[in-house]
Amino acid sequence: MQLFSEPNAGSDMAGITTRAVRDGDEWLITGSKIWTSGASYADYGMCLARTNWDAPKHRGLTWFAVPLRAVGVTIQPIREITGDAEFCQEFLDEVRVSADEVIGEVDQGWTVAQTMLLVERGAGRDDPLNMPPAQAAEIDPFLLELAQAAGRAGDPVARQAIARIHTADWARGELGRRITGLLRSSDKPAAGIASYWKLAAGVHDPLRARLVMEIGQGMPLVWRGDDGRRAALDYLNSRVWSIAGGSNEMQRNAISERVLGLPREPSFDRGKPFSEVLHNARRWLENT
């Protein structure tokens with residue numbers, strides 16, 4: 001699993017403050033990571049840490065393979081609204097790793113991060129972000145069975161909701177096929193391409209889950225076995241892809257800047273040493 005996000009560095013991943021300090025042939029890693037899927041089950045974590053505080057924030061970062069049973073690692077599962085505890089928070093207190101555990105090059109971790117984010121946002125998968133297959137010409141039978149169970153098979157409002165879901169499902173499938181083709185045909189795909197997949201899921205999942213609940217008018221909560229559970233969990237989890245792996249806003253930025261070539265947003269910290277950025281941020285907070 002990946003030790004990436006931090007309590008104070010979510011969408012702005014390059015703003016991490018977990019530090020790695022060289023100690024002879026070893027590194028000492030100290031900091032905290034959060035929203036880590038499966039950390040309580042994993043043996044190793046890919047940890048992004050700052051190794052050079054005098055470089056701009058996108059530089060001076062390094063990836064390490066950290067054994068999660070090492071001395072100094074504490075893992076705390078986070079209970080979610082669904083009752084699951086998939087996510088965890090980790091605390092690293094001078095965790096020792098050898099120089100052999102460096103992934104990529106020292107101070108060049110953002111290059112590794114960019115590749116990892118491509119995969120996380122759906123690139124290279126046969127079913128990016130669980131998008132429906134492009135050839136799904138028929139309506140999801142789950143929707144038809146739900147409308148029937150709720151006594152709304154002939155209700156024009158319910159039928160319109162089913163049509164909206166089906167149209168969006170088909171469009172997402174076509175989008176997935178198109179983006180897969182672009183990525184597979186390019187030796188070096190634009191980093192923002194995968195953001196189309198991620199943004200589609202972040203926008204459509206909440207809408208789809210709400211419409212399913214509206215079609216059933218409460219039926220999903222009492223419907224038969226796994227079907228009812230699926231609908232309820234989909235609703236509770238429907239906001240996940242609008243945040244996890246980069247918010248919808250971050251995906252739009254990536255598409256506009258890296259794919260469409262639009263001007264970058266103004267930034268107060270570009271090109272400045274990260275230590276200076278932190279100092280200025282603390283001073284600003286003290287004066288507000």
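**Close-up views of a predicted model**

Of the 24 residues in helix H4, 18 are buried, so this helix is largely enclosed by the rest of the structure. Keep in mind, as you look through these views, that the model is predicted.

**View 1. Helix H4 bends at His204.** Helix H4 covers residues 193-216. At 1.5 Å a residue, its 24 residues should span 34 Å, and the end C-alpha atoms are 36 Å apart, which agrees. Where does H4 bend? Look at His204, where the bend is about 30°. Within four residues after His204 comes a proline, Pro206. Just past the end of H4 you can find Gln217, with a positive phi of about 45°.

**View 2. Helix H2 has its buried residues on the same side.** Which residues of helix H2 (residues 141-149) are buried? They are Phe142, Leu143, Leu146 and Ala147. Around the helix axis these residues cover an arc of only 130°, which puts them on the same side of H2. A handy rule helps here: an α-helix has 3.6 residues a turn, so residues three or four places apart point the same way. At the start of H2, find Asp140: one of its side-chain oxygens comes within 3.0 Å of the backbone nitrogen of Phe142. After H2 comes Gly151, with a positive phi near 70°.

**View 3. Glu257 in helix H7 is a buried residue.** Helix H7 covers residues 248-259, and Glu257 is part of it. Is Glu257 buried or exposed? Its relative accessibility is 19%, and the cut-off for buried is under 20%, so Glu257 counts as buried. Leaving aside neighbours within four places in sequence, Glu257 is in contact with Leu262, Pro263, Arg264 and Glu265. For Glu265, look at the backbone nitrogen, which lies 3.3 Å from a polar atom of the Glu257 side chain.

**View 4. The largest nonpolar core has 16 residues.** Inside this core, the residues with the most contacts are Ile29, Phe64 and Val66. Strands E3 (26-37), E4 (44-50), E5 (61-67) and E7 (87-98) each supply at least two of its residues. Which strand gives the most to this core? That is E7, with 3 residues. Apart from this core lies another one, of 12 residues, including Leu48, Ala113, Met116 and Leu117.

**View 5. Ile29 and the residues around it.** Not counting residues up to four places away in sequence, Ile29 touches several residues, among them Cys47, Ala49, Phe64, Val66, Leu92 and Val95. You can also spot Thr18, Arg19, Asp93 and Glu94 among the residues that Ile29 touches.

Terms used. Residues are numbered from 1 along each chain as its sequence is written. This is a predicted model: local features need pLDDT of at least 70, side-chain atom pairs count only at pLDDT 80 or more; totals for chains, interfaces and linings use all residues. Side-chain values use heavy atoms; hydrogens and water are left out. The expected span of a helix is 1.5 Å times one less than its number of residues. The bend at a residue is the angle between axes fitted to the seven residues ending there and the seven starting there. Buried means under 20% relative accessible area, exposed over 50%, partly exposed in between (1.4 Å probe, protein chains only). The arc is that of the directions from the helix axis to the C-beta atoms. A polar contact is a pair of N or O atoms within 3.5 Å; within protein, one must be able to donate a hydrogen and the other to accept it, and residues adjacent in sequence count only if both atoms are side-chain atoms. Contact means heavy atoms within 4.5 Å. A nonpolar core is a set of buried Ala, Val, Leu, Ile, Met, Phe, Trp, Tyr and Cys residues joined through side-chain atoms within 4.5 Å.
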